[in-house]
Amino acid sequence: NRRVILKEYVEGYPREEHMELLLPGAEVPLRLAGDDPPGSVLVRNLCLSCDPYMRPKMSPPLRASYAAAFVPGSVITGYGVARVLDSSDPRLSPGDLVWGITGWEDYSVVKPPATAFLSKISHHAGEDAVPLSYYTGVLGMPGLTAYVGFHEICAPKAGETVFVSAASGAVGQLVGQFARLAGCRVVGSAGSAEKVELLKSKFGFHDAFNYKEEPDLAAALARRFPDGIDIYFENVGGAMLDAVLLNMRAHGRIAVCGLISQYNLKGGEWDAVRNLSAVIGKRLRVEGFLEPDHKHLYPKYEAWVLPYVRDGTIAYVEDVAEGLESAPKALVGLFHGRNVGKQLVRVAND
Ligand code: NDP
């Protein structure tokens, strides 16, 4: 059983050397062992998801944010898609496909309470099948994140203006398309010409810009939103948030999904928000949220989004790294904008 461990806690940007691929020792029995607790599930991992929240988990426990820190020497855990090989969880049987929290390894024994995060995949076979990897993206955690943040927190109305940062990524590309479907005018920012082109041509953003080429962010936004922004879907924080605050309309809403520009700052000192006074003057509503709090909405979300995915109304772009050995590089790449679309790792074929 090959596995990827965290070697040591990370300060600043994560590097591949912070992780290590350990090669197999003994053969893995393809059955649960007698000492695995009741309710355990043995899975063969197929796809693993690289997600920005994994970086705060690489910091020492005191610095780690809302998610508990990884333990150096232990296998990295995260979302993935897997096939059940053996199960003492009555919900699951050998052969079932599942998505949820698993390990960065070929095979994992998922134990309670983590098994509560395993959901059975029921839309893989037949004519209407969707790619299994989508359960790391549009049909998984990033999809529900985009839905909750945009529809539940921001409560969009047709005709409103929407801005999305990190717009070509796992979450952002969906927020843009949900906004378009809601009849909003949506603009996105991303870090390369290729990504900007994708936003406009593939995801239907009405406009998009490369934030690295327009360092006066407040002016870049003012040009695209002459009457201001009603809804900001925040993925990056830092200078972008300050520029957005200057461009919000009265009674605007900001869903604070993530602040990726801050995750690698040394010393754990995050940038101050300089234009916070705009929240008062413009009577803004700023709300943070965590996807796991909204799991109960998944069935509603899945029923809503599946027809759009099947008929192509919603497109989903993935960046697939091949093989477990490529996982550390793929994760590190998120923090340099190397991924184009949802970053995942294919460990094995179905
Ligand atoms: P992405 O697929 O968008 O990948 C990360 C992207 O962030 C990179 O490709 C890069 O794109 C951009 N980025 C990296 N560093 C910076 C920086 N310093 N400044 C600006 N942009 C940067 O990731 P996700 O869609 O999975 O996640 C997006 C955000 O949503 C993250 O902040 C994440 O933490 C958050 N999140 C929150 C959840 C919640 O429950 N609240 C759940 C899931 C995600 P580019 O080339 O455009 O710079």
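This passage describes a predicted model of a protein with a ligand, from the overall fold down to single residues.

The protein contains eight helices and 15 strands. A compact globule of 350 residues would be expected to have a radius of gyration near 20 Å, and the protein has 20 Å, so the expectation and the model agree. Along the principal axes, the C-alpha trace extends over about 65 × 50 × 35 Å. Of the 350 residues, 44% are buried. The contacts also say something about how the chain is put together: among those between residues at least 6 apart in sequence, 66% join residues at least 24 apart.

Helix H1 offers a good place to begin with the details. This helix covers residues 141-154, and at 1.5 Å a residue its 14 residues should span 20 Å; the end C-alpha atoms lie 18 Å apart, which agrees with that estimate. The helix is not free of curvature, however, since the program-computed bend at Val148 is about 25 degrees. Val148 itself belongs to the buried part of H1. H1 is mostly covered, with twelve of its 14 residues buried. The buried set begins with the run Met141, Pro142, Gly143, Leu144, Thr145, Ala146, Tyr147, Val148, Gly149 and Phe150, and it also takes in Ile153 and Cys154.

What happens to the backbone just after H1? There, Ala155 adopts a positive phi of about 40 degrees. Most residues other than glycine have a negative phi, and Ala155 is a residue other than glycine with a positive value. Ala155 sits in the loop between H1 and strand S8 (161-164). With 12 C-beta neighbours inside 10 Å, and a cut-off of 12 or fewer for exposed residues, Ala155 counts as exposed. Cys154, by contrast, is among the buried residues of H1.

His251 also has a positive phi in a residue other than glycine, here near 65 degrees. His251 lies in strand S12 (residues 248-256). Is this residue buried or exposed? His251 counts as exposed, because it has 10 C-beta neighbours inside 10 Å.

A further backbone feature concerns a peptide bond. Most peptide bonds are trans. The bond joining Pro112 and Pro113 is cis, with omega at about 5 degrees. Pro113 is placed in the loop between strand S6 (107-110) and strand S7 (119-120).

The surroundings of the ligand bring H1 back into view. Both H1 and strand S15 (342-346) supply at least two residues each to the shell around the ligand. Of the 31 residues around the ligand, which come nearest? They are Gly169, Gly191, Gly258, Glu291 and Gly337. By residue class, the shell is made up of 15 nonpolar, twelve polar and four charged residues.

Three further residues show how separation along the chain and separation in space can be read together. Leu334 is in the loop between helix H8 (327-333) and S15. This residue has 22 C-beta neighbours inside 10 Å and therefore counts as buried, the cut-off being 20 or more. Setting aside residues up to four places away in sequence, Leu334 touches Cys50, Pro52, Asn339 and Gln343. Leu334 and Ile121 are 213 residues apart in sequence, and their C-alpha atoms are 27 Å apart in space.

Leu245 provides a second example, this time within helix H5 (residues 239-247). Leu245 is buried, since 24 other C-beta atoms lie within 10 Å. Beyond its neighbours within four places in sequence, Leu245 is in contact with Asn275 and Ala278. Leu245 and Ala218 are 27 residues apart along the chain, and 8.8 Å separates their C-alpha atoms.

The third example, Gly204, is located in the loop between helix H3 (193-201) and strand S10 (207-210). Gly204 is partly exposed because 16 other C-beta atoms lie within 10 Å, a count that falls between the cut-offs for exposed and buried residues. Apart from residues up to four places away in sequence, Gly204 touches Gln177 and Arg180. From Gly204 to Leu181 the sequence separation is 23 residues, and the C-alpha to C-alpha distance is 9.7 Å.

Conventions:
Residues are numbered from 1 along each chain as its sequence is written. This is a predicted model: local features need pLDDT of at least 70, side-chain atom pairs count only at pLDDT 80 or more; totals for chains, interfaces and linings use all residues. Helices (H or I, at least four residues) and strands (E, at least two) are DSSP runs, numbered from the N terminus. The expected span of a helix is 1.5 Å times one less than its number of residues. The bend at a residue is the angle between axes fitted to the seven residues ending there and the seven starting there. A residue is near a molecule or strand if its C-beta atom, placed from the backbone, lies within 6 Å of it. Ala, Val, Leu, Ile, Met, Phe, Trp, Tyr, Cys and Pro count as nonpolar, Asp, Glu, Lys and Arg as charged, and the others, Gly among them, as polar. The radius of gyration is taken over C-alpha atoms; the globule rule is 2.2 Å times the number of residues to the power 0.38. Two residues are in contact if their C-beta atoms, placed from the backbone, lie within 7 Å.
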